[in-house]
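Visitor: I should like to take a close look at one part of this model, beginning with a single aromatic side chain and moving outward to its surroundings and to the charged pairs.

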Amino acid sequence: MELVLASNNPHKVTEVRRILNGIAVRTPAELGVSFAFEETGSTYDQNALGKARHLHSLIGMPTLADDSGLAVAALGGAPGVRSARFAPPGEELDDAGRCAYLLSLLHGAAHRSAAFICCIAIVLDAQRLLLVQERVAGRIAQQPRGARGFGYDPVFLVGGGGRTMAELSDAEKDRVSHRGRALRRAGALLRRPAPPAS
Ligand code: IMP
């Protein structure tokens with residue numbers, strides 16, 4: 001089984017390959033395909049399915065897309081599907097800037113519950129697709145900590161524990177993360193024998 005990943009994010013490529021071991025994961029760049037998709041959906045599943053379908057229409061091979069983000073309860077679920085673009089109006093930020101912006105919005109807030117969400121869409125062919133969504137609950141830290149991972153990992157305290165996602169080893173992150181959970185479920189579905197054609 002070979003899947004082409006509808007993403008240009010090197011961190012996601014690395015995580016998907018690590019977690020889906022045994023399933024070959026290629027990238028559009030490796031196949032010489034230029035892939036871009038404007039994420040206009042209001043839900044993770046709309047964006048994930050949109051990306052996977054668009055890449056499938058370009059290459060005609062099985063595709064996999066991840067759409068993910070951070071939902072912060074005290075911000076009404078923001079940044080949500082806009083996690084990658086979260087910034088004050090008119091500004092663009094990098095990962096560290098987005099973490100700092102998030103911390104500034106939560107300054108003094110006691111209620112810091114949050115969750116990472118990941119939706120995986122797999123388009124096998126025009127008639128067959130898989131959609132899996134998972135989450136991991138946690139809290140937003142007072143300060144960034146840790147140098148591993150990407151995105152909001154340095155400000156996300158996993159579960160009820162005292163470590164941020166950026167302080168976990170790769171194996172520890174994969175075991176608990178939204179992406180690890182969703183990809184393991186998707187991988188199990190992919191490895192199941194296909195139902196008989198009728
Ligand atoms: P998208 O799925 O490409 O729209 O981007 C998701 C955004 O959510 C990323 O750019 C990160 O800011 C954030 N995000 C998703 N998954 C993770 C994760 O595992 N760790 C930290 N941040 C994440």
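Is Phe156 buried or exposed, and what is its relative accessible area?

Guide: The model is a predicted one, and the values below are computed from it. Phe156 is buried, its relative accessible area being 0%. The cut-off for that class is under 20%, so Phe156 falls within it.

The ring of Phe156 takes part in one of the aromatic contacts. Two aromatic pairs are counted in the model. In one of them, Phe86 is matched with Tyr101: the ring centres lie 4.8 Å apart and the planes meet at 50°, so this pair is classed as tilted. Phe86 sits in the loop between strand E4 (79–80) and helix H3 (95–105), while Tyr101 belongs to helix H3, so the contact ties together parts that are 15 residues apart in sequence. Both partners are covered: Phe86 is buried at 12% relative accessible area, and Tyr101 is buried at 19%.

Phe156 itself pairs with Phe116, in a tilted arrangement with 4.4 Å from centre to centre and 40° between the planes. Angles under 30 degrees would count as stacked and those over 60 as edge-to-face, so 40° leaves the pair as tilted. This contact links distant parts of the chain, since Phe116 is in strand E5 (residues 113–125) and Phe156 is in strand E7 (residues 156–158), 40 residues apart. Phe116 is buried as well, with a relative accessible area of 6%.

The charged side chains offer a second set of contacts. Side chains of opposite charge can pair when their charged atoms come close. The count of salt bridges in the model is 19. Asp170 is a partner in two of the bridges described here. With Arg18, Asp170 forms a salt bridge of 3.4 Å from N to O. Asp170 lies in helix H4 (residues 170–176) and Arg18 in helix H1 (residues 10–19), so this bridge ties together parts that are 152 residues apart in sequence. Asp170 is partly exposed, at 34% relative accessibility, and Arg18 is partly exposed, at 27%.

With Arg148, Asp170 forms another salt bridge, in which the closest N and O atoms are 3.0 Å apart. Arg148 is placed in the loop between E6 and E7, whereas Asp170 is in helix H4, so the pair connects parts that are 22 residues apart in sequence. The relative accessible area of Arg148 is 40%, and this residue is partly exposed. Further salt bridges with shared partners join Lys12, Glu15, Asp66, Asp153, Lys173 and Arg179 into one network.

A further salt bridge pairs the side chains of Arg26 and Glu30, at 3.7 Å from N to O. Arg26 counts as partly exposed at 26% relative accessibility, and Glu30 is likewise partly exposed, at 44%.

There remains a group of arginines on the surface. Arg135, Arg175, Arg181 and Arg184 gather there in a patch of positive charge. Residues in such a patch have no salt bridge, so these four arginines stand apart from the bridges described above. Of the four, Arg135 lies in strand E6 (residues 128–140). At 46% relative accessibility, Arg135 counts as partly exposed.

Conventions
Residues numbered from 1 in each chain as written. Predicted model: local features only at pLDDT ≥ 70, side-chain atom pairs only at ≥ 80, totals over all residues. Heavy atoms only, no water. Patch = residues over 30% accessible without salt bridge, like charges linked within 9 Å, V, L, I, M, F, W, Y side chains within 5 Å. Areas by Shrake-Rupley, 256 points an atom, 1.4 Å probe, with all protein chains shown as cover. Lys, Arg positive; Asp, Glu negative; His and termini not counted. Charge placed at Lys NZ, Arg CZ, Asp CG, Glu CD. Helix = DSSP H or I, 4+ residues; strand = E, 2+ residues; numbered from the N terminus. Buried < 20%, exposed > 50% of the residue type's maximum accessible area, 1.4 Å probe, protein only. Phe/Tyr/Trp six-rings, centres within 6.5 Å; stacked < 30°, edge-to-face > 60°.
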